[in-house]
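Me: I am new to this structure and should like to understand the reasoning behind its description. Please take me through it.

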Amino acid sequence: MPESTRALIDGVINGKRISTQELLQKIYKKLEEGYTEFEVNASGQHDIGGPLWTQDGKPLKFYVKNPGQRVGSMGMEGTRIIIEGSASADVGWLNAGAEIILKGDGGDTTAHCAANGKIYVAGRAGTRSGALMKHDPKFAAPEFWVLKNTGSFSFEFMGGGIAVVCGYDCEDLDSVLGYRSCIGMVGGTVYVRGNVKNLSGEVWLMDLDEKDINFLKNGMTEFLDKIERPEVYKELTNFSDWKKIVAKTYEERNRRSFKPVVDYRLSKWVEGGIFGDIIEEDYFVANFFETNDLRLKFPEWRNAAYSAPCEYSCPISIPTQKRISLLRQGKIQDALNLVLDFSPFPGSVCGQVCPNLCIEECSRKYIDDPVKVKDVGLLSKSLDVKMPEKEIDKHIAIIGSGSAGLSGAWHLRRHGYQVDIFEEDSIIGGKLKQVIPTERLNPEILDTELNRIKNIGVNCKTDTKVTKDMFNELQNDYDAVVVSVGAQNPVVIPFEGHERLVKGLDFLKSINKGGKPPVGEKVVVIGAGNAAMDVVIGAYQMGAKEVTAIDIQKPAAFEKEIEHAENLGAKILWPCYTDKVTEKGVYLKDSTLLEADTVIISVGDRPDFSFLTDKYLDERGRVKINDYNQSEVNEKVFIPGDAIKPGLFTHAIGDGRKVAINIDRMLTGKELDKFERAPVLPADRVKEEFYHPMNSNNILGMDAVDETKRCMSCGFCRDCYFCLEACPEQAITRNENKDGTFEYISDPNKCIGCGICAGVCPCGVWTMLDNVEKYLEA
C-alpha cells in the first residue's frame, strides 16, 4: 500500500498541459499502486473518474478541479466524485452507480443517459440535461438533483429515474426547465419547484402526493448536505411550490386525429393545391427504405483511396499500414520486401537516424503510444535481394553516393538499368557513412545495406572527382545523369577570427574515418541544428569535458537530439550573437566570453556545383530545375536531395526514388510524374472505440511483428468482416481476386443506404456518397 492515502494528479506539468490520455494513464498507474483517493488538478482533461473499480471492492474517491467534458462518465458503484467549481458538458454521462457532487454549474447534457447512482448539482445544469435517463429494475433508480434550473430540452426521451429541480433563486425565470423540456419522455419522474412553461404535450404536470413529499423531504437533507447548502432547507421544503412531471401513457398520447396522408396529397398537394400547377404527380409512394437510385446515400468500399497519416507524413511515402497489413495476413516476406520498394535503408534510416515524422501523426498515439516504426524498419535491415529479372541496355550516371544518389541507383538498378556511381571520396555512403556518430547509427547495419546496393549490380567508382570536362562526357555517354552531390561545403560566417574555426562537417568526417581530432576540455559549437548536435556528441567522444552549443534562434534540432546532447552534459544557449573568435574562445555581442579550447561551426552546408557550367545555374548559384527535379537546360539531367534543398535523409531518399521513377518514365516515353499524394484520411474516420489502450511498458517489450495488433490500418482494409456481418440487408459480399487480393462489394439491389457499414468500419474505408446529386444534375 502507498504511504500516503491520497494520490495527487496534476494536469499541467512544467507549465505544459498534458493530454487526457496521459492524465488518465497516471490515474490508472496510481490505482494499480493501491491508491483509492485521488486529488486531480485538471486542465480541461476529459473522462475523469470512470469507469474504475478496485479488485477488492474498496470504494474510490476523487476530488477534481477544472475538469473537461464527461467527468464521472460511466462512473461505477463505489465511486464518489467531488468537483470543486463548475464543469463542462456531460457530467455523469452514462452514470452506472457513482455518486457525483458538483459544487457549481453543470454544462450541457449533465446526467445524460444516467442509469444508476446519484448526481448532485449545486448550481444550474445546461441544455438537454437529464436526457435519456433510464432505469433498470434490477438496480436502484438513478437520481439527479439540481439546486437551481436546467436548460432547454432537458429530460427529453427520459425513460426512467428521478430528477429534482429545486428552482432556488430562479423566481425571475419564465421556466426553470427552459424551453420544450420533456420531449419524448416515456418514463421516470421530474420534481420541479418554480415556473414551468412550454412543456411537451406528451407529459402531465401534476400535484404532489404524500409519497412524493416524503421522498423529497428525505432526499433534500442529504442533497443540501452534499452541496454544503443546508441553510436553504426550509425554503425548499414548502411543498406547495412543487409539481411533478410524469409521462402520459401510450393510450393518452395517441388520443389525436390526423388527416390521412393520401387525403392531404389529393386535396392539398396536387389538384387544387399550392403546387398543382407546376408538378405532375405519378402517385408512386416510396417505401421507408429504398434501394438503388432511390437511396439518399450509397456506400463505396474505397480501399487505399486515402493516405494514412503516417504515409502522408513520411517524406518517402512509405505505406506502413500496408506493411503491417501484410504481416497481419502472414505474408512476412512480402511485408519486409515492401519497404525496399521505397527505400534501400530501412534499418539505417527508418530504424535508427530518422526522427520518424510518421509517428508524430500516427493515429495510435491517441490510444496509447504510436506504432513502433523504427522496430518495423529494422526487420528489413538484412534482407537479400535478387538481381533484376531483366536487363535494360540503358546507362545512368549518378554523381555522388549520398542518400539521394544511392536511393536513385537502387531503384534504377532494380528496374534493370545499368548504373554507374561516381564518388569523389574513397567510400560510398555520403553523410550516413562519414558524419553520423556511430552511437546513433550502427555501422554494421549501414554496411549491410550499402553492400546490398552493390550486390544487385550497382557499379561504384570511388576516388573519382567529376570536372566540367568529365560532366560533358557523362552527358554524351549516358542516357541520363543524376547530380546528387548533396551539400558538402560548410558555411563559415566571416566574423573576426573565423580562421580559427573548425568546420563541423570536416570534424565529423575525421571521427568517422577513425581519426582523433584534438578538441581540448572546453568546446563551443556555433549552431544548434541536428548536425550541430552530432558535433556535440563527437566532441564528447574526443574527450571534451564541457561543450556549449549556441544559436541566434530557437534550436532547430529535433527534441530528442537536444535531449541526447543535454544528457551528455551539453549546454544549449540561445539567442546568442557571435562577435568574434579569439584564442580565449567566443565573444558574444553583449561582451560575454564563452571560454573554449576549440570552436566548431555547424550552421549548414552548401552544394559544390563547380563542375556545372553557368547555364545550369541561376543568378544565386542554384541549379535551375522544373517540377520533376529535372534540369531546365538538359532533360537528361536530374538533381535530387540536398543539392537542391537541405532536408532530412528521408527527403533525400524520397527525391532519389522519384528521380529514378521519372528517368524510367522518360526513357520509356511516358509522361513524368509529380507524385501528388492521395489526401490524408480525416481523423474522425478511424474508430478509436475498436481499440484498447495498452500499458506503455508492455508496448516497449513487444516484438515488432506484434504491431499488427496495434496498427489501426488507417484507410486500408484490415479484412475484419465487421461490415459483412453488420449489414442488416446482407448486401455486402467479400470477393477473392486471382492475384490473392480481396475486395468488398455492396449490392445496390439490396443496399438501403443506412450507413451501418461506414459506421462500423474501423479503418474508414467504407464511404457514404450522396445519391441526391444525380437528381440535382438531372
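The questions and replies below concern a predicted model.

Me: How many helices and strands does the protein chain have?

Reply: The protein chain has 23 helices and 32 strands.

Me: What makes the protein chain more spread out than a compact globule?

Reply: For 778 residues the globule rule gives 28 Å, whereas the radius of gyration of the protein chain is 35 Å. The chain is therefore described as more spread out than a compact globule, its value being well over that of the rule. Along its principal axes, the C-alpha trace spans about 105 × 75 × 50 Å.

Me: What share of the residues in the protein chain is called buried, and what does the word require?

Reply: A residue is called buried when its relative accessible area is under 20%. Of the 778 residues in the protein chain, 49% are buried.

Me: Why is helix α7 said to be largely enclosed by the rest of the structure?

Reply: Helix α7 covers residues 320-328, and 7 of its 9 residues are buried, so the helix is largely enclosed by the rest of the structure. Those buried residues are Thr320, Gln321, Arg323, Ile324, Ser325, Leu326 and Leu327.

Me: Which helices do the buried residues of α7 pack against?

Reply: They pack against α6 (309-313), α8 (332-338) and α11 (373-378).

Me: What follows α7?

Reply: α7 is followed by glycine 330, which has a positive phi near 85°.

Note on methods
Residues are numbered from 1 along each chain as its sequence is written. This is a predicted model: local features need pLDDT of at least 70, side-chain atom pairs count only at pLDDT 80 or more; totals for chains, interfaces and linings use all residues. Side-chain values use heavy atoms; hydrogens and water are left out. Helices (H or I, at least four residues) and strands (E, at least two) are DSSP runs, numbered from the N terminus. The radius of gyration is taken over C-alpha atoms; the globule rule is 2.2 Å times the number of residues to the power 0.38. Buried means under 20% relative accessible area, exposed over 50%, partly exposed in between (1.4 Å probe, protein chains only). Contact means heavy atoms within 4.5 Å.
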